Amino acid sequence: MTRFSALNLFTKALGGHKGWQEQWPTAEPKASYDAIIVGGGGHGLGAAYYLASKYGITNVAVIEKGWIGGGNTGRNTTIIRSNYLYDESAHLFDHAVKLWDGLSQELNYNVMYSKRGVLMLAHNVHDVQSFKRHIHANRLNGVDNEWLTPEEAQAYCPPLSIDPNARYPVMGAALQRRGGTARHDSVAWGYARGAASRGVDIIQNCAVTGIRRGPDGAVEGVETERGFIAAKKVGVSAAGNSSVLMQMAGLRFPLESYPLQALVSEPIKPVFPCVVMSNTVHAYMSQSDKGELVIGAGTDQYVSYSQRGALHIIEHTLASICEIFPIFRRMRMLRSWGGIVDVTPDRSPILGKTPVPGLYVNCGWGTGGFKATPGAADLLAYTIAHDAPHPINAPFNLERFRTGRLIDEAAAAAVAH
Ligand SMILES: Cc1cc2nc3c(=O)[nH]c(=O)nc-3n(C[C@H](O)[C@H](O)[C@H](O)COP(=O)(O)OP(=O)(O)OC[C@H]3O[C@@H](n4cnc5c(N)ncnc54)[C@H](O)[C@@H]3O)c2cc1C
């Protein structure tokens, strides 16, 4: 695989950018693999990459029903942060943030991780108390998070209005400086290229239609639109479709799938230096390198598998954005879209083994799994390779919904983009 370098780019540019190698070959499914990953999002492709690069398991296929990165990976607003309340969550998400650092170098692929800081606005006394609690808890876990006064928040993000008479007055903000954004497509493509160069087959346009189990109950392989493919280890990383896939193996999962929407504005000159989130009003925003304001909304209230959401949800988000950032009131929106997010009762993911031997799962990331991509991928690969969870993902097991040992970020954060 050709390495990308400044010299390489320069010489290829002189030749009209002809002669670049295919980034990952189009693979035909083999009859069997050592491991299969269902779902070609960042999590699934990353897991295949780490299986090959860290554990030497290269006889692996990633099976994707559409095109890689076409699910939530390519639809999200790319906010990265790790300032979650509970110890388990802080360790999990900070594991990912540490991997984001250096990911471009590791993959030799620019994932454009930009540590521009994530500002979470507090609009009422409850927000202030809850964010301060987060800040103290984060510090105990070595996760950076600091409190800003309204004036300090505005200095960090000049378009922010701190008018005390506003409907959503800004009473302060929590800032995680290591938080930021990354380029979502690059993450999928970088992992795909890295995995394929180590021998992983990336099979697109091939839906998994069944999970076959043997007489002992263990996994034997997957049924697909292109026939049966055998594997003793199958990892499912299918985001909004996870419960459907688990049902194929006879398992009922505590997941609900909701549409979640995002939208972008017309492009403007750089004006918005960081990421701002307002969980109370369900609006969050950053500016892309192309200049568009990237805006995220809340989930629909109804479960659905359609990759589009209701108009009133984004209308509500834009109304709030116009009040918090009056400078943007006259801007036009260009596009909106939706993805399907899989939500657990405690709003924390499920990442580990399942009751079916040889079947592993990574799901329930809901509205906030992009930030976890490298960490989730790494831990899923570890779990598959060792047939046991890593200490970081051990608490995120399925059994917690039976034992009651929940990691209740729902109550802690209400929303977790
Ligand atoms: C609008 C929106 C905004 C968001 N904003 C943020 C954010 O700012 N920050 C953040 O951290 N997270 C955010 N998220 C959540 C984040 O996008 C997801 O948690 C994360 O991308 C999940 O990655 P994944 O690789 O698990 O899933 P996906 O990228 O969805 O990959 C799963 C893949 O499985 C495939 N698949 C499904 N069924 C089958 C089958 N039967 N056979 C084969 N393949 C199958 C799908 O086609 C899909 O490509 C947002 C999500 C949305 C929708």
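This text walks through the structure, from its domains to some single residues. The model is predicted.

Start with the overall division. The domain assignment splits the protein chain into domain 1 (21-82 + 84-109 + 184-254 + 346-413) and domain 2 (118-177 + 257-343). Their centres, taken over C-alpha atoms, are 28 Å apart. Where the two meet, domain 1 supplies 24 residues and domain 2 supplies 24 residues. On the side of domain 1 that touches domain 2, the elements giving two or more residues are α3 (87-100) and α8 (242-248). Helix α3 gives the most there, with four residues. By class, this side of domain 1 has seven nonpolar, 12 polar and five charged residues.

Now turn to the ligand. Where does it lie with respect to the two domains? Domain 1 and domain 2 both give residues to the shell around the ligand, so the ligand lies between them. There are 40 residues around the ligand, and those that come nearest are G39, G41, G71, G339 and G369. Three elements give two or more residues to this shell: α2 (42-55), β12 (256-265) and β16 (333-343). The shell is made up of 13 nonpolar, 23 polar and four charged residues.

Next comes the interior. In soluble globular proteins, nonpolar side chains tend to be buried together. Here the largest nonpolar core has 121 residues. Within this core, I36, A48 and L119 have the most contacts. The core draws at least three residues from domain 1 and at least three from domain 2. Take A48 as an example. Beyond its neighbours within four places in sequence, A48 is in contact with I37, V60, V62, A195 and V200.

One stretch of the chain carries an annotation. In an unreviewed entry, UniProt places the feature "domain: Rhodanese" at residues 36-79. The chain over residues 36-79 is 32% helix and 18% strand. The C-alpha atoms at its two ends are 29 Å apart.

Back at the beginning of the chain is helix α1. Is helix α1 buried or in the open? The helix covers residues 6-14, and of these nine residues the number buried is zero, so α1 lies largely in the open. After α1 comes G16, with a positive phi near 70 degrees.

S130 offers a contrast in setting. It is found in helix α5, which covers residues 125-140. S130 counts as buried because it has 20 C-beta neighbours inside 10 Å, and 20 or more is the cut-off for a buried residue. S130 and G71 are 59 residues apart along the chain, and their C-alpha atoms are separated by 32 Å.

Two loop residues deserve a look for their backbone angles. Most residues other than glycine have a negative phi. N205 is not a glycine, yet its phi is positive, near 55 degrees. N205 sits in the loop between β8 (201-203) and β9 (208-213). N205 counts as exposed because it has 12 C-beta neighbours inside 10 Å. H282 is not a glycine either, and its phi is positive, about 60 degrees. The loop that holds H282 runs between β13 (275-278) and β14 (283-287). H282 has 19 C-beta neighbours inside 10 Å, so it counts as partly exposed.

Notes: Residues numbered from 1 in each chain as written. Predicted model: local features only at pLDDT ≥ 70, side-chain atom pairs only at ≥ 80, totals over all residues. Near = placed C-beta within 6 Å. Nonpolar A, V, L, I, M, F, W, Y, C, P; charged D, E, K, R; others polar. Domains from an automatic or database assignment. UniProt positions renumbered as here; feature names shortened; annotations may be inferred. Core = buried A, V, L, I, M, F, W, Y, C linked by C-beta atoms within 7 Å. Contact = placed C-beta atoms within 7 Å.
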